[in-house]
Structures are given as structure tokens and as C-alpha cells.
Amino acid sequence: MSAHLTETQPASNPLASLDQWEDDLLLRYPDPESIAQGKTKDEYRNYDSPERDTVREFYRLNHTYQTYDFVMQKRAEFLKFDKKKMPVWDAFQFLNQLVDDSDPDTDLDQFQHLLQTSEAIRADGHPDWMVLTGLLHDMGKVLCLFGEPQWAVVGDTFPVGCAYSDKIVYPEFFSNNPDYNNEVYSTKYGVYTPNCGLRNVTMSWGHDEYIYQIAKDHLPEEGLYMLRYHSFYAWHREGAYDHLLDDHDRAMLKWVKLFNPYDLYSKNPTPPNWNELRAYYEDLVAKYLPAELKF
Ligand SMILES: [Fe+2]
Ligand SMILES: [Fe+2]
């Protein structure tokens with residue numbers, strides 16, 4: 001199967017690469033303290049470029065097709081973990097088949113982003129499980145290699161089965177979603193109860209939930225929150241959905257926030273020296289993970 005997604009499925013995969021979504025996050029959140037309210041939101045919408053248009057088209061598809069039923073169907077399909085069984089090191093190689101059509105020479109591969117994230121966490125002296133969390137956090141993007149469209153793999157995540165927050169990027173596209181007019185799903189609480197806790201909330205389907213489910217027996221709770229909610233920007237950067245949170249979520253939020261800058265701001269054109277790092281990471285993986293992971 002070709003990983004050159006734009007060539008094979010231009011209509012359903014508008015992004016030249018998955019990184020285009022993450023590059024766009026940097027326009028929305030140019031620094032660790034900024035929040036995309038008011039000025040920046042308008043500014044970035046007026047930001048005129050072909051890349052911007054592809055990101056916008058990507059979100060149009062994402063917001064239109066991520067229905068409650070769609071998510072349930074994907075959960076049933078992928079949480080059986082009957083697609084592939086492989087050691088984590090093979091999984092990194094597998095992930096690296098996702099190549100960037102737009103700029104293959106200068107963009108770093110998927111593994112380099114994971115390694116730069118984990119190395120930045122390690123350099124700041126955080127616990128080793130958090131380093132491993134950084135190394136794994138985008139592993140769920142292998143969904144693309146199982147034939148899933150970009151809008152079902154990356155992009156900001158959000159709860160489904162209840163009203164969409166206007167703090168989610170491009171909220172206007174939700175009016176295309178059939179759930180938008182559903183008499184239950186369009187209400188504030190939808191299928192949920194007040195402050196039921198995020199563990200009882202179904203998120204839009206993508207690489208976050210998938211890697212969380214793969215790793216959930218192997219990392220501490222704080223790391224699992226980082227995996228599961230790292231793209232839930234409406235929560236961790238915008239403060240939305242307080243009505244669904246419980247005290248545990250509120251306690252875990254600081255960990256999700258701690259993780260975010262390592263994901264967004266650790267990109268560096270110089271790749272880390274893998275030969276020097278290999279032994280450390282082999283020990284780390286062996287400490288926490290089983291010999292093979294099930295996808
Ligand atoms: Fe991610
Ligand atoms: Fe990432």
C-alpha cells in the first residue's frame with residue numbers, strides 16, 4: 001500500500017502529510033503560554049496560504065464525518081487489536097513508512113519527532129515513564145497505514161455524543177455533521193451525565209485514543225492521560241468541557257499541559273544521535289513494555 005496519501009486519495013486526504021496538521025498547531029499556539037482566543041483565531045483564519053486551505057479542508061472532513069456512530073464503529077473495528085502484532089521497534093519502522101510528499105528532504109520522519117519529544121522530556125529531568133510516553137505518543141498514526149483517512153487519524157480531538165464546543169478549531173464545520181441536529185447528541189450533556197469524568201466520555205476517533213488503548217496496561221495514569229488527550233486542545237489549551245470533568249480529570253490536567261510543549265515545541269532540524277541513545281531506549285522500552293504490542 002502506498003503511504004503517499006495525497007496521490008492515492010486526494011479528496012479524503014487533503015493534507016500533503018500528517019505533519020501539516022501539527023505545523024498548523026504552531027500557528028494557533030505559537031508559544032507555550034498562548035491561548036487561541038480572539039485575536040489569534042481571527043488572525044490565523046485570515047492567514048492566506050494554500051497550506052492553510054488544505055488544513056481547513058481537513059477539518060471540514062473531520063468535523064463532518066466524526067459522528068458518534070462512526071467512532072463506535074471504529075472502536076469496534078480497531079480495539080480488537082487483530083491487525084498486527086509487533087515489537088515496539090518494528091512499530092517505529094512501520095510508522096516511518098508514512099512519508100511526507102511535500103518535502104521529503106527536509107522533514108524529519110515520524111520516529112524523529114517521537115525521539116525529539118522524548119529527548120526534550122528527558123533533558124528536563126522528568127520521570128522515565130514520561131520519556132517513554134513522549135516516545136510513544138504518536139504511534140497511533142499507524143492507523144493511516146491501515147488505510148484510515150487523515151481525518152480519522154489526526155487533528156484536534158473532541159467529545160462525541162454531546163454538543164460541540166465553540167472552542168474547537170473551525171467550529172462552524174460541525175453544522176455539516178449529522179449529530180449536530182440529533183435531539184440527544186446536540187444537547188449540552190448528550191449521552192453523558194454532569195461531571196461524569198472523561199473516562200466515561202467517548203472522544204472523536206484518532207491516534208490518541210488508539211495509542212492509549214494499546215499502552216493502557218503499561219504506563220502510569222499520568223502518562224496515559226498524556227497519550228489519550230494530547231490532541232484535545234479544546235480542553236487542555238482552551239478550558240472547555242468543564243461540565244464533563246470530574247476531580248480526577250482536573251488533577252490530571254496539569255500532566256497533559258506539562259506534556260504539550262514537548263510535543264509542539266521540540267521540533268529541531270538536527271536529528272538526535274540514535275547510536276548514542278539506543279541503549280538507553282532499549283532498556284526503557286524493556287522496563288515498561290511487553291516484547292510485542294498488539295495493533
Ligand atoms: Fe499526536
Ligand atoms: Fe506529536
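**View 1. His 207, a buried residue at the iron site.** With a relative accessibility of 0%, His 207 counts as buried (that word means under 20% relative accessible area, while exposed means over 50% and partly exposed is in between, using a 1.4 Å probe and protein chains only). A quick note before we go on: this is a predicted model, where local features need pLDDT of at least 70, side-chain atom pairs count only at pLDDT 80 or more, and totals for chains, interfaces and linings use all residues. Residues are numbered from 1 along each chain as its sequence is written, chains are lettered from A and ligands numbered from 1 in the order in which they are written, and side-chain values use heavy atoms, with hydrogens and water left out.

**View 2. The protein donors of the iron ion (ligand 1).** Here you can see Asp 138 (OD), His 207 (NE2) and His 230 (NE2), sitting 2.0 to 2.1 Å from the iron ion (ligand 1). Donors are N, O and S atoms within 2.8 Å of the metal (3.2 Å for Na, K and Ca), and sites may look incomplete because water is not among the atoms. Along the sequence, the spacing of these donor residues reads D-x68-H-x22-H. His 207 lies in helix 9 (residues 207-215) and His 230 in the loop between helix 10 (221-229) and helix 11 (233-236), so the pair ties together parts 23 residues apart in sequence. Helices here are DSSP runs of H or I with at least four residues, numbered from the N terminus. His 230 is buried too, at 3% relative accessible area.

**View 3. Two iron ions and Asp 138.** The iron ion (ligand 1) and the iron ion (ligand 2) are 3.7 Å apart, and Asp 138 coordinates both.

**View 4. A salt bridge between helix 10 and helix 9.** The side chains of Arg 228 and Glu 209 meet at 2.9 Å, N to O. A salt bridge is a side-chain nitrogen of Lys or Arg within 4 Å of a carboxyl oxygen of Asp or Glu. This pair links distant parts of the chain, 19 residues apart. Arg 228 is buried at 11% relative accessibility, and Glu 209 is buried at 4%. Elsewhere, salt bridges with shared partners join Glu 22, Asp 138 and Lys 141 into one network.

**View 5. A salt bridge in helix 7.** Arg 122 pairs with Glu 119, their closest N and O atoms being 2.9 Å apart. Both belong to helix 7 (residues 110-123), and being three residues apart, they are separated by about one helical turn. Arg 122 is partly exposed, at 29% relative accessibility.

Methods
Helices (H or I, at least four residues) and strands (E, at least two) are DSSP runs, numbered from the N terminus.
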